[in-house]
Each structure stands twice: as structure tokens, then as C-alpha cells.
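Me: Could you look at the model below with me and work through a few points about one of its helices and some of its charged pairs?

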Amino acid sequence: KVGRPAVFEYKYDGFRMLISREGKEIKLFTRRLENVTNQFPDVVEAVRKNVEGVSFMLDSEVVGFDPETKVYKPFEAISQRIKRKYEIEKLVKQLPVEVNIFDVVYYNDKSLLNLPFKERRKVIEKIVSPVKSKIRIAEQIITSDEKEALEFYKEALKLGEEGIMVKNIEAPYQSGRR
């Protein structure tokens, strides 16, 4: 359905976050476009320090983890940060998150919606400087080999991910649920 070779990415057990930057202002939104910027000052700071660009819109999955063991937590564990209005700094320490960037739809005043996925990925790799347990580029492989894809899937499950996503390497950006 997606062609060969295909892109295989980890499916993280977190929540979708759209990250917008216009000049110095960084805003964070849920899939339903709820503004959650105030609830995630740690994400704002990670983006400010580790993503180059004057303006952009990034698509990401935010995953919580245990601050001591660094083991990922299920979505339910961090969902309370989405609605929280008070004691944000306390929650940042108790329920830290990692941002996994998997797509870019806009960069420096230019829409990338119609670019093939492989070209958008190159932009991500150019502008995002990964920092362990803060911000990273979504884990992926590109392959036509079913055994290699199966091993990647097994590794994702072993790490506690939900599974994998399979994408057409030439596809334009598509918003919404798959």
C-alpha cells in the first residue's frame, strides 16, 4: 500500500503535539489545537535551544518517562500535564517528557506540505539537534526488506513503544489520524 522502499518509524505511546514558532514566540498545540504552551515550558525551552529556524510548524509525539529510570511511561501517566494549570514546575520534574519530531509542514515562511516525506525528513535532520531525554528525531528505517522491518517492529515493542508506523517515502503531508 505504501510502496517500496517504505519508511518505518516507531509509534510512540504519547500524545501528538504541533510545535509552532514565529520569530521568538513558540506555541504548542494538541491534535485538537488546544494551546498547551503553558503546561510544557520544558518543551518550549528544548525547542528554543535545539531547533533552528525563524518560523516553523513541526509535528511530534511527546512521551513521558520516569525521571530516575528513564523508562517511558504510558500516555495516561502524562495526560494530566495537558489539562494542568497550576504547579507546572513541580510536574515538569515529576513527569518529564521527551519530544519526538516526526514531520515538518512549514519552515522559514515556506509550506512543505507538498514535498515528499523523504525531503521533509531531510529538513528535520538539518534543523533539529537531538538532546537525550529532551528532544529527538523519530526513530526510523527505510527498507524494502520484510525481515529488517519485522526486526525493527520487534525492537520497538521491546523498548515499550506501541509499535511502528509505515509511510510512503514519496507522500506529501497528510494531517489527521491514520
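Reply: This is a predicted model, and what follows takes the helix and then the charged pairs.

Me: Which residues of helix 6 are buried, and what does their arrangement say about the helix?

Reply: Helix 6 spans residues 146–158 and reaches 18 Å from its first C-alpha to its last, close to the 18 Å expected. Seen down its axis, the buried residues fall within an arc of 60°, so they line one face of the helix. Lys147 and Lys158, on the other side of helix 6, are exposed, whereas the cover over the buried residues includes strand 1, strand 8 and strand 9. The buried residues are Ala149, Phe152 and Ala156.

Me: Which residue caps the N-terminal end of helix 6?

Reply: The contact is made to the backbone nitrogen of Lys147, which lies 2.7 Å from a side-chain oxygen of the capping residue. That residue is Asp145.

Me: Is Asp59, which forms a salt bridge with Arg16, buried or exposed?

Reply: The closest N and O atoms of Asp59 and Arg16 are 2.7 Å apart, and the pair links strand 4 with strand 2, 43 residues apart. Arg16 is buried, with a relative accessible area of 11%. Because buried means under 20%, the 0% of Asp59 makes it buried.

Me: How many residues apart in sequence are the parts that Glu170 and Lys118 tie together?

Reply: Glu170 forms a salt bridge with Lys118, with the closest N and O atoms 2.7 Å apart. Glu170 lies in the segment after strand 9 and Lys118 in helix 5, so the pair ties together parts whose separation in sequence is 52 residues.

Definitions and conventions: Residues are numbered from 1 along each chain as its sequence is written. This is a predicted model: local features need pLDDT of at least 70, side-chain atom pairs count only at pLDDT 80 or more; totals for chains, interfaces and linings use all residues. Side-chain values use heavy atoms; hydrogens and water are left out. Helices (H or I, at least four residues) and strands (E, at least two) are DSSP runs, numbered from the N terminus. The expected span of a helix is 1.5 Å times one less than its number of residues. Buried means under 20% relative accessible area, exposed over 50%, partly exposed in between (1.4 Å probe, protein chains only). The arc is that of the directions from the helix axis to the C-beta atoms. Contact means heavy atoms within 4.5 Å. A polar contact is a pair of N or O atoms within 3.5 Å; within protein, one must be able to donate a hydrogen and the other to accept it, and residues adjacent in sequence count only if both atoms are side-chain atoms. A salt bridge is a side-chain nitrogen of Lys or Arg within 4 Å of a carboxyl oxygen of Asp or Glu.
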